[in-house]
Amino acid sequence: MAEFTMELNDEQKEVRDWLHGFAADVIRPAAAEWDEREETPWPVIQEAAKVGIYSLDFYAQQYFDATGLGIPMAMEELFWGDAGIALSIVGTGLAAVGVLANGTEEQIGTWIPQMYGDANDVKVAAFCSSEPDAGSDVASMRTRAVYDEAKDEWVLNGTKTWATNGGIANVHVVVAVVDADLGSKGHASFIVPPNTPGLSQGQKFKKHGIRASHTAEVVLEDVRIPGSCLLGGKEKLDERLARARERARAGGGERVKNAAMATFEASRPAVGAMAVGTARAAYEVALDYAMTREQFGRPIIDNQGVAFQLADMRTSIDAARLLVWRASWMAVNGRPFTAAEGSMSKLFASETAKKVTGQAIQILGGNGYTREYPVERMHRDAAIYTIFEGTSEIQRLVIARTLSGMPIR
Ligand SMILES: Cc1cc2nc3c(=O)[nH]c(=O)nc-3n(C[C@H](O)[C@H](O)[C@H](O)COP(=O)(O)OP(=O)(O)OC[C@H]3O[C@@H](n4cnc5c(N)ncnc54)[C@H](O)[C@@H]3O)c2cc1C
């Protein structure tokens with residue numbers, strides 16, 4: 001087990017500087033344009049693929065870094081560049097992790113390369129879980145997967161919503177109900193291969209922020225996929241369902257619930273790190289502005305009212321990063337999340353990003369309110385962090401339930 005450290009090693013520093021260079025030279029200059037266009041920034045993704053940032057290898061290297069700092073460091077730098085573009089770059093990784101976590105070796109080898117494509121022909125992937133009536137309440141999911149034994153095929157029907165890269169992805173990972181009596185324990189994940197008939201894009205959403213990232217509904221109408229597209233395979237699913245039914249009969253189920261919770265605890269710090277990146281970007285713009293903008297014959301930072309805001313902003317950002325790094329280290333090293341530390345990190349970092357970007361607008365005054373300066377975009381972008389991957393209210397619910405052991409509602 002790696003000791004917890006707050007110091008990046010030399011190799012990590014090198015990667016961080018490389019990512020920062022890409023974020024500063026390629027992502028940041030493109031941010032305003034793609035925000036206005038509200039389209040996937042394919043040329044930037046391609047550029048990221050050419051240098052090796054948009055690849056499974058890079059993602060896996062950071063993911064398996066024993067210090068736990070690889071992913072948060074990478075997310076912070078890319079999202080410091082721009083949240084919408086960075087999400088377009090890392091969105092595929094989120095779907096790929098779903099396959100890495102649940103797929104067989106063969107499924108990983110077959111599908112993950114198709115999620116990324118190559119530098120000359122980049123592809124993206126989508127992870128589709130949320131539905132119009134199943135957001136925070138995942139157990140209300142309605143999309144059904146029915147096994148057609150005669151053909152060894154699964155048939156998917158339903159409507160997914162809010163899918164990042166939904167409809168434009170080469171590979172979609174779809175979560176569906178296989179046993180409605182088991183609630184979320186009766187769900188399974190499926191690969192929908194490229195160009196499968198029956199899968200179509202529904203509404204593409206016009207969003208408040210992260211507008212360079214494509215978000216859409218995904219409609220599944222009698223989508224037939226081979227039996228081999230069930231992640232983990234049929235045997236494993238049947239065993240898991242049998243165990244869940246057994247526990248339901250015995251009035252249990254805690255162990256399955258705990259396993260799912262541990263997965264969320266491990267993935268949430270990555271979203272916290274994205275939020276830290278956006279918050280840091282806005283704070284830096286605000287600090288620079290406060291040092292140079294003069295009113296009443298002196299820089300505005302000369303006023304405690306402004307300087308103290310910056311002090312608070314920086315303090316919150318550093319505190320958020322520490323929570324994120326701690327949770328990431330715990331996840332990689334298999335530490336039990338006895339106080340829902342993963343949820344804590346996501347909660348605090350996302351609320352910090354929303355607050356700090358708002359403070360940055362205030363410090364820039366009228367300029368902060370215009371699209372001539374980036375903090376207006378950063379504030380719109382930051383609002384997503386308290387919503388996706390579990391809203392702030394859901395994080396608080398998870399933390400409170402973990403601390404108290406009570407079924408708080
Ligand atoms: C830009 C964007 C990208 C996304 N990308 C993806 C993706 O790639 N794949 C995917 O599957 N999903 C994705 N999502 C969906 C996202 O995870 C959901 O929006 C989120 O889980 C919240 O669900 P909801 O929008 O249905 O809100 P609801 O669950 O309807 O919540 C509405 C409000 O009620 C509150 N609330 C609900 N239940 C409780 C409770 N028990 N206690 C207290 N408060 C409660 C919530 O906190 C929230 O404030 C994305 C969403 C957005 C906006």
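Start by selecting lysine 50, which sits in helix H2, residues 42-51. Before you go further, keep in mind that this is a predicted model. Lysine 50 counts as exposed because its relative accessibility is 55%, above the 50% cut-off. Now add aspartate 118 to the selection: it lies 68 residues away from lysine 50 in sequence, yet the two C-alpha atoms are 8.4 Å apart in space.

**The annotated domains**

Next, colour residues 9-115. UniProt, in an unreviewed entry, lists this span as "domain: Acyl-CoA dehydrogenase/oxidase N-terminal". What is the helix and strand content of residues 9-115? The span is 83% helix and 0% strand, and 31 Å separates its end C-alpha atoms.

Pick another colour for residues 126-223. The same kind of record, a UniProt annotation from an unreviewed entry, gives "domain: Acyl-CoA oxidase/dehydrogenase middle" for this stretch. Here you'll find 0% helix and 49% strand. The end C-alpha atoms of residues 126-223 are 16 Å apart.

**The ligand**

Now bring up the ligand and the residues around it. Which of the 20 surrounding residues come nearest? They are Ser130, Ser136, Trp162, Thr391 and Glu393. To see where the shell comes from, show strand E3 (125-128), strand E5 (153-164) and helix H12 (392-404); each of these supplies at least two shell residues. Colour the shell by class and you get ten nonpolar, seven polar and three charged residues.

Zoom in on the polar contacts, one at a time:

- Serine 129: a polar backbone atom is 2.9 Å from an oxygen atom of the ligand.
- Serine 136: a side-chain N or O atom is 2.6 Å from a ligand oxygen.
- Threonine 391: here too, a ligand oxygen is 2.6 Å from an N or O atom in the side chain.

How much of the ligand does the protein cover? Switch on a surface to look: on its own, the ligand has 970 Å² of accessible area, and the protein covers 65% of that.

**The cysteines**

Try a search for disulfides and you'll come back with zero. Select cysteine 128 to see one example: it is in no disulfide, and the nearest cysteine sulfur belongs to cysteine 229, 14 Å away. Cysteine 128 counts as buried because its relative accessibility is 0%.

Hop over to cysteine 229. Why is there no bond from its sulfur to the closest one, in cysteine 128? The two sulfurs are 14 Å apart, which is too far for a bond; a disulfide needs them within 2.5 Å. Cysteine 229 is buried as well, with a relative accessible area of 1%.

**Two positive phi angles**

For the last stops, turn to the backbone. Select aspartate 152, in the loop between strand E4 (144-148) and E5. Its phi is near 50 degrees, a positive value in a residue other than glycine. Is aspartate 152 buried, partly exposed or exposed? At 40% relative accessibility, aspartate 152 counts as partly exposed.

Finish at phenylalanine 296, in the loop between strand E10 (294-295) and strand E11 (298-299). Phenylalanine 296 is not a glycine either, but its phi is positive, at about 55 degrees. Show the side chain in its surroundings: with 78% relative accessibility, phenylalanine 296 counts as exposed.

How values were computed. Residues numbered from 1 in each chain as written. Predicted model: local features only at pLDDT ≥ 70, side-chain atom pairs only at ≥ 80, totals over all residues. Heavy atoms only, no water. UniProt positions renumbered as here; feature names shortened; annotations may be inferred. Helix = DSSP H or I, 4+ residues; strand = E, 2+ residues; numbered from the N terminus. Near = heavy atom within 4 Å. Polar contact = N/O pair within 3.5 Å; in protein donor to acceptor, adjacent residues only side chain to side chain. Areas by Shrake-Rupley, 256 points an atom, 1.4 Å probe, with all protein chains shown as cover. Nonpolar A, V, L, I, M, F, W, Y, C, P; charged D, E, K, R; others polar. Buried < 20%, exposed > 50% of the residue type's maximum accessible area, 1.4 Å probe, protein only.
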